[in-house]
Amino acid sequence: MHLNKTRKNLALAALLLCGLPFAHGTELITASYNGAPLSTAPITNLAPYSTLDSNLGPNDLALEGLSADDVDLWVRIRKGFGIPDLDSQLVVTQTSWYAARPDYIQRSTTRASHYLYHVVEELEKRHMPTELALLPFIESAFDPQALSAAKAAGMWQFIPSTGHDYNLKQNIFKDDRRDVMASTDAALTYLQRLHDMFGDWQLALAAYNWGEGSVQRAINKNRAAGLPIDFNSLSIRMPIETRNYVPKLQAVKNIIADPLHYGITLPQVDNQPYFVSVGKSRDIDVTVAAQLAELPMDEFKALNPQFNRPVITSDTPILLPESNAEKFKENLANWGHALSSWSSHTITTAREKIETIAAHFGTTPDVIREVNHIPPRTHLAVGSTILVPKTEQTAEVDIAPEVAEHAKMALEPDAPDFRRVTVRVGRRDSLASIASRNRVSVAQLKTWNNLRQDRVVAGQNLQIQVPMRTMRTVARRQVGRHVVISHQIINHQIINHPVRRGKITLASSKVVKKRHA
């Protein structure tokens, strides 16, 4: 980071926020980013900046003796543009679409204001074009909680496999695909790799959306046909989403470059860090952390969207606005209560049911299911790690880092209480005799088969719901000259085999090869 530039940025931003003219003389300005101090030296000679234009803003920046990007991040972003402009009808269409939705632009840019400074800083460190800071507008509208139908998560929209490729941890406690800093680092590393591969930012962006293999195959086909390999020439081979992907980014770039031309007003985004990283040494509940930081929960989660459970483990830092970081540290020092109310428990045998776990830890099955996101009619597989309330023995014990690192939870469907089987009515059968043989009632038979009368006829098929505990012996000898049914359970489905009178077959959960007489 360039300290001289940063000192001036911080001084000017502070004065702008206060709505005060610039003072003469000496003033001490301090700030921190990611927990590190940016400057502790006095700033002198502010006389050239003593006159402030009251109309200064992100859409019309002018200040005597002051560079616009000193006070506004949008100007800094514009100055860093480095990707050649894309010119096509799709760009015109997408630009018109965004320009016609100023409310959408306002919501997205306001949300982006929390994260843009960090993204721009990281891009500049890597000497990458600042158009890439606008990519989350296309991916997620800068929503770090976004989740697509393809399970892509976070403001950079990593699918699980690509997230693992770029060291984004995904366990029961957190999903780094939603972590603001980790996902940004991974996305920029991925984009750099794609640019190194294709030597073209537009093709790198297409590969970010479509996959590098798909883009390479399209390039190979165009080369074999003697055709150009630029984005516009390759776009005919791309799916519609990718064909529009780079034009969407160009459209957003056009609007950010000249918002007044499109009738758009951008929110002020100060050219200084919005958040700092705060470390801690103990587990802490999410609600307690937000309380100590004196932040509403939605604001806390906007900066810390990666946490899957109501506890933040000891080795995980949190992001807070700088003023709230100081409040957090002060309140934490004076906190006289437990920081966390949760511990971990790993399932070691199939006999451990949610009901028994809840009873052991003095809570209810509903609490266990809710805090661990366990849906109804499922149970925990052996090896699963879950949250449970702390006890007197674990009150001062944090979740072990190795448990937090590797914790997984696997669910299995509960076995149904009943299986539906089919019985064919014999010549001498009645509803009463069939009900008696199968240990059900006549009323149940009528309900299961939508019967209004007690009369049945030979050859008629009836549905019976048989308790699972009797499924292995569901085939029974039938009286008379009717056909009996043998049932096999294969992949949770019942296969019916007709067997002649007098033959008895026991149902089995295994596939049994039987030659019928």
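In the predicted model, Phe-142 is buried, its relative accessible area amounting to 0%. The ring of Phe-142 forms an aromatic pair with that of Tyr-115, and the arrangement is stacked, with 6.5 Å from centre to centre and 5° between the planes. Tyr-115 is likewise buried, at a relative accessible area of 1%. The two partners belong to distant parts of the chain, 27 residues apart: Tyr-115 is located in the loop between helix H4 (102–112) and helix H5 (116–125), whereas Phe-142 is located in the loop between helix H6 (135–139) and helix H7 (160–165). This contact is one of eight aromatic pairs that a search of the whole structure finds.

A second pair is formed by Phe-158 and Tyr-208, whose ring centres are 6.5 Å apart and whose planes are inclined at 75°, so that the geometry is edge-to-face. Because Phe-158 lies in the loop between H6 and H7 while Tyr-208 lies in helix H9 (residues 201–210), this pair ties together parts that are 50 residues apart in sequence. Both rings belong to buried residues, the relative accessible area being 2% for Phe-158 and 10% for Tyr-208; the latter value falls under the 20% limit, and Tyr-208 is therefore classed as buried. Phe-158 and Tyr-208 are also members of a cluster, linked by ring pairs, that includes Tyr-166 and Tyr-190.

A contact of another kind involves the ring of Phe-81, over the face of which Lys-253 lies at 5.2 Å from the ring centre.

Tyr-208 reappears in the description of the largest pocket, which has a volume of about 430 Å³. This pocket is lined by 20 residues, of which Glu-139, Gln-157, Tyr-208, Asn-209 and Glu-241 are the closest to its centre. At least two lining residues are supplied by each of H6, H9 and helix H12 (240–257), and the largest share, four residues, comes from H9, the helix in which Tyr-208 lies. Classified by residue type, the lining of the largest pocket comprises eleven nonpolar, five polar and four charged residues. Tyr-208 thus appears both as a partner of Phe-158 in the edge-to-face pair and among the residues closest to the centre of the largest pocket.

Terms used
Residues are numbered from 1 along each chain as its sequence is written. This is a predicted model: local features need pLDDT of at least 70, side-chain atom pairs count only at pLDDT 80 or more; totals for chains, interfaces and linings use all residues. Side-chain values use heavy atoms; hydrogens and water are left out. Rings of Phe, Tyr and Trp (its six-membered ring) pair if their centres lie within 6.5 Å; planes under 30 degrees apart count as stacked, over 60 as edge-to-face and the rest as tilted. Buried means under 20% relative accessible area, exposed over 50%, partly exposed in between (1.4 Å probe, protein chains only). A charge sits over a ring if NZ of Lys or CZ of Arg is within 6 Å of the ring centre and within 35 degrees of the ring normal. On a 1 Å grid over the protein atoms alone, a cavity is a set of points where a 1.4 Å probe fits but cannot get out, and a pocket is an open set with protein on both sides within 12 Å along at least five of seven lines; lining residues have an atom within 4 Å of a point. Grid points are joined across faces, edges and corners, and a volume is the space filled by probe spheres set on the points. Ala, Val, Leu, Ile, Met, Phe, Trp, Tyr, Cys and Pro count as nonpolar, Asp, Glu, Lys and Arg as charged, and the others, Gly among them, as polar.
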